[in-house]
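I opened the notebook to record what I looked up, one entry at a time. Short notes follow.

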Amino acid sequence: MAQQIILVFGAAFGLLAVVFGAFGAHALKKVLTEEQLKSFETGVKYQMYHALILLFTGSYFSSSAPLIGWCFIIGVILFSFSIYGLVLSDARGKKMKFLGPVTPLGGLFLIIGWAMLLIEFL
């Protein structure tokens, strides 16, 4: 069951990364500053990278695969989605500053997931 959830999140994050990437490249290009657009694109890139690793992790049969997958899922939600919130709220002139500390926490979960995967392979 955990593997199926990880695969579903991987596919959903991949789908959303394409949608958000197109949205950023077309609709937001006229609204965001160059710096904001670059930040938004960073969120999209990290989301897509981790969508792919989730598909791999969900297909990898190991006792630690579910924990690694959850680290990546939580990391993407906290990292990429906080960037989207920060950029879009800043563009509207009402920056949600409380999201600032959420982004590095998401990055920490992503790092932990990668470290656990490395340990798994060693």
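**Entry: Phe40.** I listed the contacts of Phe40, leaving out residues up to four places away in sequence. Phe40 touches Phe20, Phe23, Gly24, Leu28 and Leu32. The list goes on with Ile83, Tyr84, Val87 and Leu88. I note here that the model is predicted.

**Entry: the core.** Which residues touch the most other members of the largest nonpolar core? I found Phe40 again, together with Phe13, Leu32, Val44, Leu54 and Phe72. The core has 22 residues. I then looked up which helices supply it. At least two residues come from each of α1 (2–26), α2, α3 (65–91) and α4 (102–121). Helix α3 gives the most, with eight residues.

**Entry: aromatic rings.** How many aromatic pairs does a search of the whole structure find? I wrote down 13. I picked one pair to describe. A pair of aromatic rings is described by the distance of the centres and the angle of the planes. For Phe20 and Phe81, the centres are 6.0 Å apart and the planes make an angle of 80°. That pair is edge-to-face. It joins distant parts of the chain, with Phe20 in helix α1 and Phe81 in helix α3. The two residues are 61 residues apart.

I also followed the ring pairs from residue to residue. They link Phe9, Phe13, Phe20, Phe40, Trp70, Phe81 and Tyr84 into a cluster. Phe40, from my opening entry, is therefore in this cluster as well as in the core, where buried means under 20% relative accessible area.

**Entry: Phe81.** Is Phe81 buried, partly exposed or exposed? Phe81 counts as partly exposed, because its relative accessibility is 29%. I checked its contacts, again without residues up to four places away in sequence. Phe81 touches Phe13, Leu16, Phe20, Gln47 and Val76. I also took a C-alpha distance. Phe81 and Gly106 are 25 residues apart along the chain, and 9.3 Å separates their C-alpha atoms.

**Entry: Leu78.** I stayed in helix α3, where Leu78 lies. At 22% relative accessibility, Leu78 counts as partly exposed. Its C-alpha atom is 4.4 Å from that of Gly106, which is 28 residues away along the chain. I looked up the contacts of Leu78 beyond four places in sequence. They are Val102, Thr103, Leu105, Gly106 and Phe109.

**Entry: Ser62.** Where is Ser62 found? I located Ser62 in the loop between α2 and α3. Ser62 counts as buried, because its relative accessibility is 17% and the cut-off for buried is under 20%. I paired Ser62 with Glu120 for a distance. They are 58 residues apart in sequence, and their C-alpha atoms are 8.5 Å apart in space.

**Entry: Gln4.** I went to helix α1, where Gln4 lies. Gln4 counts as exposed, because its relative accessibility is 52% and exposed means over 50%. Gln4 and Ile73 are 69 residues apart in sequence. From C-alpha to C-alpha, Gln4 and Ile73 are 13 Å apart in space.

**Entry: a surface patch.** Which residues make the nonpolar surface patch of about 230 Å²? I noted Leu7, Leu52 and Leu55. I placed Leu52 in helix α2, which covers residues 34–59.

Terms used: Residues numbered from 1 in each chain as written. Predicted model: local features only at pLDDT ≥ 70, side-chain atom pairs only at ≥ 80, totals over all residues. Heavy atoms only, no water. Patch = residues over 30% accessible without salt bridge, like charges linked within 9 Å, V, L, I, M, F, W, Y side chains within 5 Å. Areas by Shrake-Rupley, 256 points an atom, 1.4 Å probe, with all protein chains shown as cover. Salt bridge = Lys/Arg side-chain N within 4 Å of Asp/Glu carboxyl O. Helix = DSSP H or I, 4+ residues; strand = E, 2+ residues; numbered from the N terminus. Core = buried A, V, L, I, M, F, W, Y, C linked by side-chain atoms within 4.5 Å. Buried < 20%, exposed > 50% of the residue type's maximum accessible area, 1.4 Å probe, protein only. Contact = heavy atoms within 4.5 Å. Phe/Tyr/Trp six-rings, centres within 6.5 Å; stacked < 30°, edge-to-face > 60°.
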